[in-house]
Amino acid sequence: MGYSINFYLDNAISEGNIKKILATEDQEAKKKLNKCIAEKPLQIFLYLRYSGKTVKAYTERKCTQKQWDRGKQRVDPRHFKLGAISLNKYFGNIGEAVGKKFEENNNKGIVTSNSHVKNIIAELNNKSGIITHLTFEEAFQEFLKAKQQSFTVNTIKKYKTTIKHLQAFSNHSKTKILFENINAKFEVKFKDFLLYELKLTNNTVAKYIKALKTFMNFATFDRDYNSKLNIDYKRFDSKESPTEVYALSLDELMKLYNYTFKNDAYAQVRDVFCFLCFTGLRFSDAEKMKRE
């Protein structure tokens, strides 16, 4: 009995619809299409077809439509930068195992069902060495690449600093950072490291904790790198304390303005600060000003 095994993205935009949108003058629709193709992770399914029957099973993997090679039915290494070889090998292992199971069942007169395919996928997922998940740091790099289009430069910089602090914490504590270890105990230790070793303020620590939570959501619900049962991170406290505002009196401001600094750098900073006070400009606006 003949059969075929194929891999497809679930709910992918058809080639026809893509061509139709690209042929229009609607720039907003094109922008939305490109963002969807580049950023929205889709589930990858296996289809086993034989004698007019179709068995469909989720492979427990996802990728964006841009990362998927529709012709080869594999992830494209040009766009799926981390783990493409191991992931494609994983699909090959599943296809080979399902084909072998189908032939065994066929020889015994057994109908291959969805449960047979699901059991094969579950078995392969539990075998060490066959499936290579991305490490925490590799997943974080993938997160940065996936969000590069939608995040501002400063936001990307914040996330890069977050992974830098996590790596420093890993070296300091002599423990490898794993998804399964991101729990309440980890939160306490990581916060203590940021506060007492790096001497960061409470609000700065809160920003990095918030960044970590955003990444963990991505790894858990967009990529399935972290178990959906391991969501202690959602309870991590990332609230910032209200910032106190201090206002100088005119006498205090003029005292600073007329003060003679021995360090030229301090004097330059003072000049900028006083200029902001006198004009009411924000620093970001003053920074863009030119002499003319």
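**Exercise 1. The core**

Find which residues have the most contacts inside the largest nonpolar core of this predicted model, and which helix gives the core its largest share.

*Solution.*
Step 1. The largest nonpolar core of the predicted model holds 55 residues.
Step 2. Phe136, Phe140, Leu166 and Phe215 have the most contacts inside this core.
Step 3. Helix H8, residues 202–222, supplies the largest share, nine residues.
Step 4. Now take Leu166 and set aside neighbours within four places in sequence. Leu166 then touches Phe136, Phe140, Ile177, Phe186, Phe190 and Leu212. Two of these names, Phe136 and Phe140, also stand in the list of residues with the most core contacts.

**Exercise 2. Two sides of helix H7**

Work out where the buried residues of H7 lie around its axis, and what they pack against.

*Solution.*
Step 1. Check the length. H7 runs over residues 184–197 and has 14 residues. From first to last C-alpha it reaches 19 Å, close to the 20 Å expected at 1.5 Å a residue.
Step 2. List the buried residues: Phe186, Glu187, Phe190, Lys191, Phe193 and Leu194.
Step 3. Place them around the axis. They cover an arc of only 155 degrees, so they sit on the same side of H7.
Step 4. Recall the helix geometry. An α-helix has 3.6 residues a turn, so residues three or four places apart point the same way.
Step 5. Look at the other side. There, Lys185 and Tyr196 are exposed.
Step 6. Find the partners. The buried residues of H7 pack against H6 and H8.
Step 7. Inspect both ends. At the start of H7, a side-chain oxygen of Asn183 comes within 3.2 Å of the backbone nitrogen of Lys185. After H7 comes Lys199, with a positive phi near 60 degrees.

**Exercise 3. From Asn171 to Tyr196**

Decide whether Asn171 is buried or exposed, then state how far apart Asn171 and Tyr196 are in sequence and in space.

*Solution.*
Step 1. Asn171 belongs to helix H6, residues 153–173.
Step 2. Its relative accessibility is 59%, so Asn171 counts as exposed. The cut-off for exposed is over 50%.
Step 3. Asn171 and Tyr196 are 25 residues apart in sequence. Their C-alpha atoms are 15 Å apart in space.

**Exercise 4. Helix H10 and its ends**

Test the length of H10 against the expected span, then name the residue that caps its N-terminal end.

*Solution.*
Step 1. H10 covers residues 264–279, 16 residues in total.
Step 2. At 1.5 Å a residue, H10 should span 22 Å. The end C-alpha atoms are 23 Å apart, which agrees.
Step 3. The buried residues of H10 are Ala267, Arg270, Cys274 and Leu276. They pack against helix H9 (250–257) and helix H11 (283–287).
Step 4. The N-terminal cap is Asn263. One of its side-chain oxygens lies 2.8 Å from the backbone nitrogen of Ala265.
Step 5. Gly280 follows H10, with a positive phi near 80 degrees.

**Exercise 5. Positive phi in two loops**

Locate Asn11 and Ser51, and state the phi and accessibility of each.

*Solution.*
Step 1. Start from the background. Most residues other than glycine have a negative phi.
Step 2. Asn11 has a positive phi near 60 degrees and is not a glycine. Asn11 sits in the loop between strand S1 (4–9) and helix H1 (15–22). Its relative accessible area is 64%, so Asn11 is exposed.
Step 3. Ser51 also has a positive phi, about 50 degrees, without being a glycine. Ser51 sits in the loop between strand S2 (41–50) and strand S3 (53–64). At 49% relative accessibility, Ser51 counts as partly exposed.
Step 4. Return to the loop between S1 and H1, which also holds Asp10. The side chains of Asp10 and Asn11 make a polar contact of 3.5 Å.
Step 5. Beyond neighbours within four places in sequence, Asp10 contacts Leu42, Gln43, Phe45 and Lys56.

**Exercise 6. Two buried residues**

Give the relative accessibility of Leu48 and of Ser86, and place each residue in its element.

*Solution.*
Step 1. Leu48 lies in strand S2. Its relative accessibility is 0%, so Leu48 counts as buried.
Step 2. Set aside neighbours within four places in sequence. The contacts of Leu48 then include Ile5, Val55, Val98, Phe102 and Val117.
Step 3. Ser86 lies in helix H3, residues 84–108. Its relative accessible area is 18%, so Ser86 is buried; the cut-off is under 20%.
Step 4. A polar atom of the Ser86 side chain lies 3.1 Å from the backbone oxygen of Gly83.

Methods. Residues numbered from 1 in each chain as written. Predicted model: local features only at pLDDT ≥ 70, side-chain atom pairs only at ≥ 80, totals over all residues. Heavy atoms only, no water. Helix = DSSP H or I, 4+ residues; strand = E, 2+ residues; numbered from the N terminus. Buried < 20%, exposed > 50% of the residue type's maximum accessible area, 1.4 Å probe, protein only. Polar contact = N/O pair within 3.5 Å; in protein donor to acceptor, adjacent residues only side chain to side chain. Contact = heavy atoms within 4.5 Å. Core = buried A, V, L, I, M, F, W, Y, C linked by side-chain atoms within 4.5 Å. Expected span 1.5 Å × (residues − 1). Arc of directions from axis to C-beta.
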